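Work through the exercises below with the sequence and the 3D view open beside you. Try each task before reading its solution.

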Number of protein chains: 2
Amino acid sequence: MSITFTNNPKLSLFIPVFYVVWEDDILTKEEFKTLNSFINDQEWLTKAEKNFLKSKIDVQSPPTRSELFRWREVIDKALQEPPKPESLTALGIVIANAERIALTVEDIEKITPVFAKLESDLGIISREVISGFRKNRDTITHNHKTIESFSVAKMSKFLDGNQADIIDKVKQIINSPEFALQDSSDTVAFREKVLQWSQILANKGLGAYAYPKAQGGKDDVEGYFTIMETLSYHDLSLVIKFGVQFGLWGMSILSLGTDKHYKKYLKDIGTLQLPGCFAMTETHHGSNVKGINTTATYNHKDKTFTIHTPEKYDRKEYIGNAANHGEMATVFAKLIIDGKDYGVNAFVVPIRNKDRTVVKGVTIEDCGRKMGLNGVDNGIIYFDNVVIPKEDMLDRFASINEDGEFESPIPSNNRRFFTMLGTLVGGRIGIPRSALAASKIGLTIAIKYGDDRKQFGPQGGNEVPILNYRMHQLRLMPYLAKSYALHFGLQYLTQRFINRSPEEMQEIEALAAGMKAYVTWNTRNALQECREACGGKGYISENRIDDLKNDTEIYTTFEGDNTVLMQLVAKNRLGEFRKEFGEMGLGTIFNYVLEQAKTTITEKNPFATRNTDEEHLKDRDFHLHAFQYREKELVSSAARRFKKLVDDGLDTFDAANVMHPHMLNLAEAYLERVFLEQFVLAIDTCDDEPLKEVLTRLYNLFALHTLEKNKAWYLEENYMEGVKTKAIRKAVSQLCWEIRQDAVPLVDAFNIPENCLAPIITFRKEEA
Amino acid sequence: MSITFTNNPKLSLFIPVFYVVWEDDILTKEEFKTLNSFINDQEWLTKAEKNFLKSKIDVQSPPTRSELFRWREVIDKALQEPPKPESLTALGIVIANAERIALTVEDIEKITPVFAKLESDLGIISREVISGFRKNRDTITHNHKTIESFSVAKMSKFLDGNQADIIDKVKQIINSPEFALQDSSDTVAFREKVLQWSQILANKGLGAYAYPKAQGGKDDVEGYFTIMETLSYHDLSLVIKFGVQFGLWGMSILSLGTDKHYKKYLKDIGTLQLPGCFAMTETHHGSNVKGINTTATYNHKDKTFTIHTPEKYDRKEYIGNAANHGEMATVFAKLIIDGKDYGVNAFVVPIRNKDRTVVKGVTIEDCGRKMGLNGVDNGIIYFDNVVIPKEDMLDRFASINEDGEFESPIPSNNRRFFTMLGTLVGGRIGIPRSALAASKIGLTIAIKYGDDRKQFGPQGGNEVPILNYRMHQLRLMPYLAKSYALHFGLQYLTQRFINRSPEEMQEIEALAAGMKAYVTWNTRNALQECREACGGKGYISENRIDDLKNDTEIYTTFEGDNTVLMQLVAKNRLGEFRKEFGEMGLGTIFNYVLEQAKTTITEKNPFATRNTDEEHLKDRDFHLHAFQYREKELVSSAARRFKKLVDDGLDTFDAANVMHPHMLNLAEAYLERVFLEQFVLAIDTCDDEPLKEVLTRLYNLFALHTLEKNKAWYLEENYMEGVKTKAIRKAVSQLCWEIRQDAVPLVDAFNIPENCLAPIITFRKEEA
């Protein structure tokens, strides 16, 4: 009788091991050596048996496909037998015992440790292999899923607050059939569609919302911001067109003009009877608005101004509403009287007639195709000695008196300039709120898609929703937490702006500039992750991430380049720092700072720097302390470094240049501290327990994820040790895992209108 | 006589300080208190003089605009006097002495320290203020500029190497008038234009470059990659269309088919007479190709296969060339013989007739508008029992014999599947090379723009090229360094692939997968920075970053989702690790790892962890040790963590899930080590000293910037202390500052054809 596996239980013992080593068709030299010497060493095998077994590990003659298949059938059968074998050796014993001649108990006792060593020598992890063999394999990763732990409706209500009515009104409009989203590739058609949409909104009174009641408005600036934000669920070209017309153009009249201008223009602006532009930026003076070169020269004789573009690149550029629709523009120009420069002032200048022809002396070019926002007609404007009446100087902050002399309640050009710009800070509130809404759409799409889309799974198991993968969670959950954090932060900013006093303006301007930068960068990053998280589907335009991403791409540049804004924020913070120490001289300040540096060593007590208790990591006081510490230390070290660089002989401008990256970190630390504080305050106003719990999870993720992002700094400063930052990393991963269960209800709570979402989510429903 | 400044030198002393405190129109309470008590304290002032001075710091009655203006005139005049005053006090003295009655030397000696204290108490940094007053202020930041320290032509030659001829040929073609770049917004027109371009390239013999000479090719795979890369300077839709037709479609025939297929199809593919597709991905099986469900059922009777899409979402999706032009497709399907599944195999299936009508049984949908690559006609394909002859199975790795039985030299379905995929690894070389070229265009545009574009400057100074700002350098210079590092890395990958032996395939596959992911993510990030660095100009489509960014957006997803690829790389690295320790059992390995962990403590000797010498920071051995340490430690800690998780009772699939982020880091560390090594090897082959020097600067920046990116990890591991990571940050900033001088020549060395660049650079020339 020839030797076979089936008539010899001793040989059957080898089947699982042989199957595993041959499964990938490659028997490595090491595997061969290990098996060969193992076989040689077994005294309980005959020479013939040994030769048979060796014939099965011959690289020149590997087992055939059908032999491998038979081995697998034997294994699958054995796996059904109770008690389920947990190792390859146990599995081999079951297989052996199924043969005609069973192994004795003594055999088994002898064989088990010997085979266990073989497995170990071969580098086989039995549990892994056995799990792989099993059908319908059940894992924690599989079973994780959406759980609605709180009322979605209550969360929406909590987020909307006192703005619920106007939010609902706008959502109804943008969810109507006439607001069905349009393809943006045909620029001409798309611009006209966006104009039509704007007209509908104006007709419903939404354009004039912030204007005085006398001019058909509701005097409701907060409502205006809410409209901008809610419209952002729809189409961002519409939002920007709306913002240019009713915000920039209308608000420049309201903020820089006086009653005569309101009466003359504001009503027609609010109804879109008078489309207009905000013409500030010049080609060669983008971020540096103080450097603009357009001139407004006063003519004593007939009491007029001549508006002029002196050189080609002093032209106004990127001006929204200019290429097709604008009829007038608020033009920023240097006021010249008798050859003397009185700094930047604002003037209302006609650019286009009712029949859309361009006014004499004005030349308009189309900026052409852009990455996004192609529903907005950006243009370039040149003025060739265009004459306007004296009344059309916007004269709230400066005017020409009857004698042709310059008058202003603010003598310094510089100061007046910044006061004028300050009144326009609203734009830096509307933009981040719009940006946040855009990221909420992206997250809604990516999270719902990830909850449904299944890919991969364990051997022998079903495919798993991709949102159950830790890496996928780590890509999306922190942005979900941030979208809540930033929501409350922007509400705070809005309230500060609405209820501002003149003394607070500088602080509010810095806050707005900083939040504009922080939030728009966050949107850029969040939408990038959302696109990638949706794979190929994210690349198809109908799934919306295309337009969301490309439209918001410019948010980081317009209304102030983010990097420049962050420098402003940092300067403001250093100024506040100087103010705080106003009573001390500079030298004293630096001594104080050094003293403080010493005392903070004690704040960083060894216990805290190494404390990894969950309770501590989720302690609000720990978070606040860490955030504040970073902010304070970055401010005082900026002051120290700056002083040192200047003391070392650098020009202050060069020293400031060296400090740029430090200043950016400083601004970021300030903003993160504000977001943290506002998140806590928001949670404390919530009186629904399940809401509070999920908000606290989000808060913890926001806090710890931010600390993790900045962990290199904390380690450098010895504020934390490696053991603690590692614990934070683990806590972040665990929070992502937990929040994944809340993720779908949390995006449902944004309550984004159905027709503003993507077919990949509708498709999801269709299948369900 | 009433008291005035002009008739009293003591009072004139105050002019500079008064000007500074009033310049911003706000006299803070602290400033008032400080000045007021200072004035009170000065015994050398009469009561009347004190009252006069106090009247100038009255918040109720600030100085008029013309008074401020007069003060400024006096200051400006005094600044002209030699010796130039360096403090406000000195300035005040010059002003005082210009009056009719000069101060005595004794007065000056007495006054100087007193005023110095006042300045300090007011928090005024004199040097800063004085610099601000000066006209034509000269700073280091101003004077920094482009210096050509090396021969651009020699650098281009060094980069092109032995591929210079084919590179020049392709550049000539894409710089010709018929290849003028097209607007991509009209999808229909754009797709046809891209097809025409492809035809021109095919006519010039570029399509068949990699094919056997017998089929009209040059048998030159390296040249084919070079063509792909060089075409990427032009239009990426063209690159992908080209890659789909001649790469995916043609190479699938070459790699998976046999001689009969070459003869039948390859010549027509190379000339674009036979446009075709590569139909692998299915809607529900994107990254998980093993899970595809399309079936190819063998019909014994007539020796044919029936190709069929069983369920809606088993359709082939995102298939390039499918929507409009493809006539045949390599279709991946599960082979079924007699009801038994023999795994995924490839078949050639007709989908469209010569008149562009669709073949019976085939349904094709258009994927529609995408974020980018709209010149590629991606489509969705359904098969309804389409019958093809037996010969059209691509039978290099598996076939049906005369008896209708399955035959394969590779028995395992799994192994055969991966072998098939392995032959297609070329796509993962072409894509990162194309991505790198795209980022080179972006960098060329952003760097040349930044070298020319001026914004801001010190008070009293000219505006400064934005590339002279440290923050701007920090955003662009590391990507410039990386573009060189990745260039050499991809050349290495190409050489490994060209000269591969079968044993190396697994390693090369991992290397290609990893570089594809690393390089395409880098392109994503680099182009993002380039867009923002160009501000509004970067948003205008004609300046190219629009299309570059949107076209390459999908590079991170297609040819394998990057996150999935990085997991594969990490698994391969762990496998290599296991192999290395093949002779030891698993237990031994873990003991060894623990031992090693102990010994590495000594590697991290206290001197090295704190060493901040420039020589050390720029030491190749230090870099290599740090990169290798990170790689090794991440591999061995992955093994440890995985074992621990499984020991703690987690299913291996769940344990692998927890490990995802760790695995990504591991893969990244491996790739960075390879890039580092290849950069060093490349520099060592260079025999031109100036080239070597600039390459070394780039290398140092790449090495230190990468270490800085990973610094949190090094700090956590105590491999470096804070003092060292801070020194690295400074060194990075300094290297960016230095390389800024080389930046324009370094991008010029990419030698990108004129008509593939952006108007903002042409516009730059126009002005110069």
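The exercises that follow concern a predicted model, and each solution goes step by step.

**Exercise 1. The interface**

Task: Describe the contact between chain B and chain A by finding how many residues each chain gives, what area is buried, and how many salt bridges the rule finds.

Solution. Begin with the residues: chain B brings 124 residues to the contact, and chain A brings 123 residues. Next take the area, which is about 10,300 Å² buried between chain B and chain A, with 53% of it given by carbon and sulfur atoms. Then turn to the charged pairs, where the rule finds 12 salt bridges across the interface of the two chains. One salt bridge joins the side chains of E553(A) and R531(B), at 2.7 Å from N to O; this distance satisfies the rule, because a side-chain nitrogen of Lys or Arg has to be within 4 Å of a carboxyl oxygen of Asp or Glu. Polar contacts are counted separately, and between chain B and chain A there are 53 residue pairs of this kind, with both residues at pLDDT 80 or more. Finally, look at the side of chain B that touches chain A: helix α27 (residues 652-684) of chain B gives its largest share, 8 residues. Sorted by class, that side of chain B holds 39 nonpolar, 37 polar and 48 charged residues.

**Exercise 2. A residue that reaches across**

Task: Decide whether E532(B) is buried or exposed, and find which residues E532(B) touches.

Solution. First locate E532(B), which belongs to helix α19 (residues 505-533) of chain B. Its relative accessibility is 4%, and because buried means under 20%, E532(B) counts as buried. Now list the contacts, leaving out residues up to four places away in sequence: E532(B) touches W521(A), R524(A), E553(A), T556(A) and D561(A) in chain A, and R475(B) in its own chain. Last, consider the side chain, since a polar contact of 2.8 Å joins the side chains of E532(B) and Q528(B).

**Exercise 3. Two helices, two questions of cover**

Task: Find how many residues of helix α6 of chain B are buried, and then decide whether A526(A) is buried or exposed.

Solution. Helix α6 of chain B spans residues 88-97, and 7 of its 10 residues are buried, so that the helix is mostly covered. The buried residues of α6(B) are L88(B), T89(B), L91(B), G92(B), I93(B), I95(B) and A96(B). For the second part, place A526(A) in helix α19 (residues 505-533) of chain A. A526(A) has a relative accessible area of 1% and is therefore buried. When its neighbours within four places in sequence are left aside, A526(A) is in contact with S439(A) and Y479(A).

**Exercise 4. Positive phi angles**

Task: Find where D338(A) and N718(A) lie, and what value phi takes in each of them.

Solution. Recall the background: most residues other than glycine have a negative phi. In D338(A), phi is near 50 degrees, a positive value, and this residue sits in the loop between β5 (328-337) and β6 (340-350) of chain A. D338(A) counts as exposed because its relative accessibility is 63%. In N718(A), phi is near 60 degrees, again positive in a residue other than glycine, and the residue sits in the loop between α29 (711-716) and α30 (722-748) of chain A. N718(A) is exposed too, with a relative accessible area of 53%.

**Exercise 5. Two annotated spans**

Task: Find what helix and strand content the two UniProt domains of chain A have, and then examine E668(A).

Solution. An unreviewed UniProt entry places "domain: Acyl-CoA oxidase/dehydrogenase middle" at residues 277-386 of chain A. That span is 0% helix and 45% strand, and its end C-alpha atoms lie 16 Å apart. The unreviewed entry also places "domain: Acyl-CoA oxidase C-terminal" at residues 623-758 of chain A, a span that is 82% helix and 0% strand, with its end C-alpha atoms 37 Å apart. Now take E668(A), which lies in helix α27 (residues 652-684) of chain A. E668(A) counts as partly exposed because its relative accessibility is 21%. Beyond residues up to four places away in sequence, E668(A) touches Y518(A), M566(A), R630(A), K709(A) and N710(A). With R630(A) there is also a polar contact between the side chains, at 3.3 Å.

Conventions
Residues numbered from 1 in each chain as written. Chains lettered and ligands numbered in written order. Predicted model: local features only at pLDDT ≥ 70, side-chain atom pairs only at ≥ 80, totals over all residues. Heavy atoms only, no water. Contact = heavy atoms within 4.5 Å. Buried area = accessible area lost by both parts, 1.4 Å probe. Polar contact = N/O pair within 3.5 Å; in protein donor to acceptor, adjacent residues only side chain to side chain. Helix = DSSP H or I, 4+ residues; strand = E, 2+ residues; numbered from the N terminus. Nonpolar A, V, L, I, M, F, W, Y, C, P; charged D, E, K, R; others polar. Buried < 20%, exposed > 50% of the residue type's maximum accessible area, 1.4 Å probe, protein only. UniProt positions renumbered as here; feature names shortened; annotations may be inferred.
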